[in-house]
Amino acid sequence: MIDTYEVSHDGLDRPITLFLDWYHFTEVRIPQGFTCGQAMNLGLPPPDPFMAAGQMTSLALAEAGRTGFSADPIALGPEQRPSGVAFDHFRLMVRQARAAAESGAPIDPEAPPTGFSRPRSIVVLFGQACPDGPMAASQIRVVDGAGRPAPAEPVDGSADAVRTLTYGYGAPPGSAAIQVGMDAPAAGLAVEAVYPGACAGGTGQTSLEMVSSGASLVSAPMPTRPAGDPAVGRWIAVQAVIDHDGRFREVVSLGGPAELASEAERAVGTWQARPPRVNGSPLAAPVVLRVTFEARP
């Protein structure tokens, strides 16, 4: 996709048309005949959402077939006695892919089901323990630090309905659930619930904070500049996904010379990170990275 911009000024015989590609990223270059009037100070772009959707889908399908990969939910509340669980979008895709494979109709990577890549997370709150049985929450919201609720839709919290929504999770009786339109729980969010009454030892409402931490690099060896490349200071931006184990997967360069892009992608595939976490559980997350090149010895 190319955007066009028309530039004109006094004394110019005719306007100049510039063609700009916003979907690849590399060192800033000035179009021929122009000068740079001031420093641009551009940082790395955020992950491209369209590319990220494809990368996350591809990785989810790969992890669904990997023995030992856990798509267990994120615990809400005390670790030893959680008050509920949450499934981020990536976990739901993995669970859906596994359920499809077990049914004998595996998901086609080239034509995933409608809604498979649509951002969604599911929050399930367990019922409060009461003498007459568990009391289900009458209202659940996911709110930010200012109390603003995330876009959500209530869903049937019955055991059968939750099992269907989460592709196999067995929610205890008295649970309630909502579906939130986000890829994953983010920093500063909390789950608020209101109960229709309070039994002995219970409360009419509760708030469960989601404690999150960001990703951080552990090891990032930079590649050696290819033979014959005399340039110093050249770099490549790549987009990748950090998986639950902190590996960089689905690595794609965002532009730059082809001979450097392939080396950058190979190098990032060897990097290691601490993945982002929510309540101690790892998340898969798209990231954009800058890869520089070491001088050849």
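A nonpolar patch is built from residues with over 30% relative accessible area and no salt bridge, with nonpolar side chains joined within 5 Å. In this predicted model, one such patch covers about 490 Å². Its members are Ile16, Val28, Ile30, Phe34, Met40 and Leu42. Leu42 sits in the loop that runs between strand E2 (16-20) and helix H1 (49-64). Leu42 counts as exposed because its relative accessibility is 53%, and the exposed class starts over 50%.

**Confidence**

The mean pLDDT of the chain is 89. At least 70 is reached by 97% of the residues. Strand E15 (residues 272-274) has the highest mean of the elements, 98. Strand E7 (residues 152-155) has the lowest, 84.

**Salt bridges**

The whole structure holds 11 salt bridges. Three of them are listed here with their N to O distances.

| Pair | N to O distance |
|---|---|
| Glu63 and Arg249 | 3.6 Å |
| Asp144 and Arg148 | 2.9 Å |
| Arg266 and Glu263 | 3.6 Å |

What does the bridge between Glu63 and Arg249 tie together? Glu63 belongs to helix H1 and Arg249 to strand E14, so the pair links parts that are 186 residues apart in sequence. Glu63 is buried, at 1% relative accessibility. Both residues also belong to a wider network of salt bridges. Its other members are Arg66, Asp243, Asp245 and Arg247.

The Arg266 and Glu263 pair lies within helix H4 (residues 258-268). The two residues are 3 apart, about one turn of the helix. Each is partly exposed: Arg266 has a relative accessible area of 48%, and Glu263 has 26%.

In the remaining pair of the table, the partners fall into separate exposure classes. Asp144 is partly exposed at 22%. Arg148 is exposed at 57%.

**An open sheet**

Strands E11, E16 and E17 form an open sheet in the order E11-E16-E17. The pairing is antiparallel. Strand E11 (212-213) and strand E17 (281-282) are the edges, each pairing on one side only. E11 is joined to strand E16 (residues 277-278) by 2 bridges. Across this pairing, Ser212 stands opposite Val278 of E16. Strands of a sheet pair through backbone hydrogen bonds.

**Backbone with positive phi**

Two residues other than glycine are worth a look here. Tyr167 has a phi near 60 degrees. Tyr167 is in the loop between helix H3 (159-165) and strand E8 (176-180). Its relative accessible area is 30%, so Tyr167 is partly exposed.

Glu250 has a positive phi of about 55 degrees. Unlike a loop position, the place of Glu250 is in a strand, E14 (residues 248-253). Glu250 is partly exposed too, at 29% relative accessibility.

**Around Leu165**

Leu165 is in helix H3. At 25% relative accessibility, Leu165 counts as partly exposed. Which residues does Leu165 contact, leaving aside neighbours within four places in sequence? They are Leu92, Ile122, Val155, Asp156 and Gln179. Ala177 lies 12 residues along the chain from Leu165, and their C-alpha atoms are separated by 9.8 Å.

Terms used. Residues are numbered from 1 along each chain as its sequence is written. This is a predicted model: local features need pLDDT of at least 70, side-chain atom pairs count only at pLDDT 80 or more; totals for chains, interfaces and linings use all residues. Side-chain values use heavy atoms; hydrogens and water are left out. Patches are made of residues with over 30% relative accessible area and no salt bridge: like charges are joined within 9 Å, nonpolar side chains (Val, Leu, Ile, Met, Phe, Trp, Tyr) within 5 Å. Accessible areas come from the Shrake-Rupley method with a 1.4 Å probe; for residues, only the protein chains shown count as cover. A salt bridge is a side-chain nitrogen of Lys or Arg within 4 Å of a carboxyl oxygen of Asp or Glu. Helices (H or I, at least four residues) and strands (E, at least two) are DSSP runs, numbered from the N terminus. Buried means under 20% relative accessible area, exposed over 50%, partly exposed in between (1.4 Å probe, protein chains only). Two strands pair if DSSP finds at least two bridges between them. pLDDT is the predictor's confidence in each residue, from 0 to 100. Contact means heavy atoms within 4.5 Å.
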